[in-house]
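User: I am new to reading protein models, and I would like to understand how the words used to describe them are justified. Could we go through some of them together?

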Amino acid sequence: MDKILIVDDNLDVCQALALMLELNGYKSHFCLNPEAALKAMTEQDFALVIQDMNFTRDTTSGEEGRELFHALRAIRPDIPIILLTAWTELEMAVTLMKAGAADYLGKPWDDHKLLTSIANLISLHKLTLDNRELKRHQAERQSVFREADLCGLVFGSAAMERCVDLALQLAKSDVSVLITGPNGAGKDRLADILHANSPLQNKPFIKVNVGALPMELMEAELFGAEAGAFTGATKARIGRFEAADGGTLFLDEIGNLPLSGQVKLLRVLQTGEFERLGSHQTRKCKVRVISATNADLRQDIIDGRFREDLFYRLNVVELNLPPLAARKDDILPLVDHFTGKRELSDDARRALLVHDWPGNVRELENACKRASILGRGESLSAADFGLGSLAAVANSNEVPQPLARGASQSQEPLRGEPDRDEIEAALAQHKGVIAKVAKSFGLSRQALYRRMEKFGIDGKKLD
């Protein structure tokens, strides 16, 4: 409940105002002279002041009211003050309004007008304080960002600002972090930030794209292998965990780790112990693990593809990276970065902002590379980015639907996570040539094979 200070040398006036305020949901405190009012201001928290203009020195000049006004403002520079005036002090009241007084009303006052003014001024004052606090937090956050190593990350959206702020907080700890979000959104850059701003920043930082590792070599890559452990293993090799000992290991596409590898990963996270493939010698390491996935691991747990106990070991804190479509304010800063701040035409700006970017930042970067090469005019057009038809839709004030897979204007590889139907359609289109199908989805052949195995697709059986 907001509390209002009343200052008037007439007790009847004070009591009348106090009763009116209390009947309308306000608390009040009244003082009969300026001295008592100034003392109360230093001891209590008021939302607003209603003050008379004259007290004991004289009854017409308003000089005491002026002195009180400036004294109150010296204590609380931003507090709203309503002046109660007689016609003889009107000129003084106008002068004080120019000096920052919030409002003035003549005596006798109109209750409705006074209550309306009080409500509006308190609401405006609270909004001003909230905005000031928000600006203070933003200034503090920007100061943190300036002092941090953001690893070249470019952003302009509030969503990305919150994400980076959380990443910088998590960087100071050694807890396991699971970065979630769609392909191409920048999960690896967040992993860079987590390591670069951590106490381990001068220690090894090893990255592993689990999705790009051949299934039969995945465990050897992660945990090492002795000579002769598998065909072609002519000498012992250390795994990524040994290489990252004392530092940070980033496991991208963690959802593609097979169950056998998940068991070993869980053991390392729990005990720090593991064995190389083909060895019974137990080794120890201390590694901070950061993992990332575009998959729904909770659904994978239900489907039996991912261990629940491992999920909770990896996901001490989840750092969710929104798709580019959910952070439109990042688009133009990223375009400036990727194109070297080339001038953009109006249609290019509209098309860039209206496109959904299903391939996220990776797709945007490819579009900017295309525009930088093809753009010959003084400014880059929507067509230079391969967004010509989108520009026409944007200019007609219609919101386009996301482009269907394979329907992009450019010949860039398709992006995103393909489903069963899309893989089968692509296999049929490319007559079972795995290299062409993998390229169309922006995947390695091994990654495509894993997805085919996941969906039970046999490419050899295609007609």
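Analyst: What follows is a set of questions about a predicted model, each answered by setting a value against a cut-off.

User: Why is Arg 276 called buried?

Analyst: Arg 276 has a relative accessible area of 11%, and because buried means under 20%, Arg 276 counts as buried.

User: What makes Glu 226 and Arg 276 a salt bridge?

Analyst: Their side chains meet at 3.6 Å, N to O, and because a salt bridge requires a side-chain nitrogen of Lys or Arg within 4 Å of a carboxyl oxygen of Asp or Glu, the pair qualifies. Glu 226 lies in the loop between helix H8 and helix H9, and Arg 276 in the loop between strand E9 and strand E10, so the pair ties together parts that are 50 residues apart in sequence.

User: Why is Arg 267 called partly exposed, and which residue does its side chain meet in a salt bridge?

Analyst: Arg 267 has a relative accessible area of 29%, and because partly exposed lies between the 20% and 50% limits, Arg 267 falls in that class. Its side chain meets that of Glu 275 in a salt bridge of 2.6 Å, N to O, and Glu 275, at 19% relative accessibility, counts as buried.

User: How do you know that the buried residues of helix H2 are on the same side?

Analyst: The buried residues of H2 are Pro 34, Ala 37, Ala 40 and Met 41. They cover an arc of only 120 degrees around the axis, which puts them on the same side of H2, whereas Glu 35, Thr 42 and Glu 43 are exposed on the other side.

Conventions
Residues numbered from 1 in each chain as written. Predicted model: local features only at pLDDT ≥ 70, side-chain atom pairs only at ≥ 80, totals over all residues. Heavy atoms only, no water. Buried < 20%, exposed > 50% of the residue type's maximum accessible area, 1.4 Å probe, protein only. Helix = DSSP H or I, 4+ residues; strand = E, 2+ residues; numbered from the N terminus. Arc of directions from axis to C-beta.
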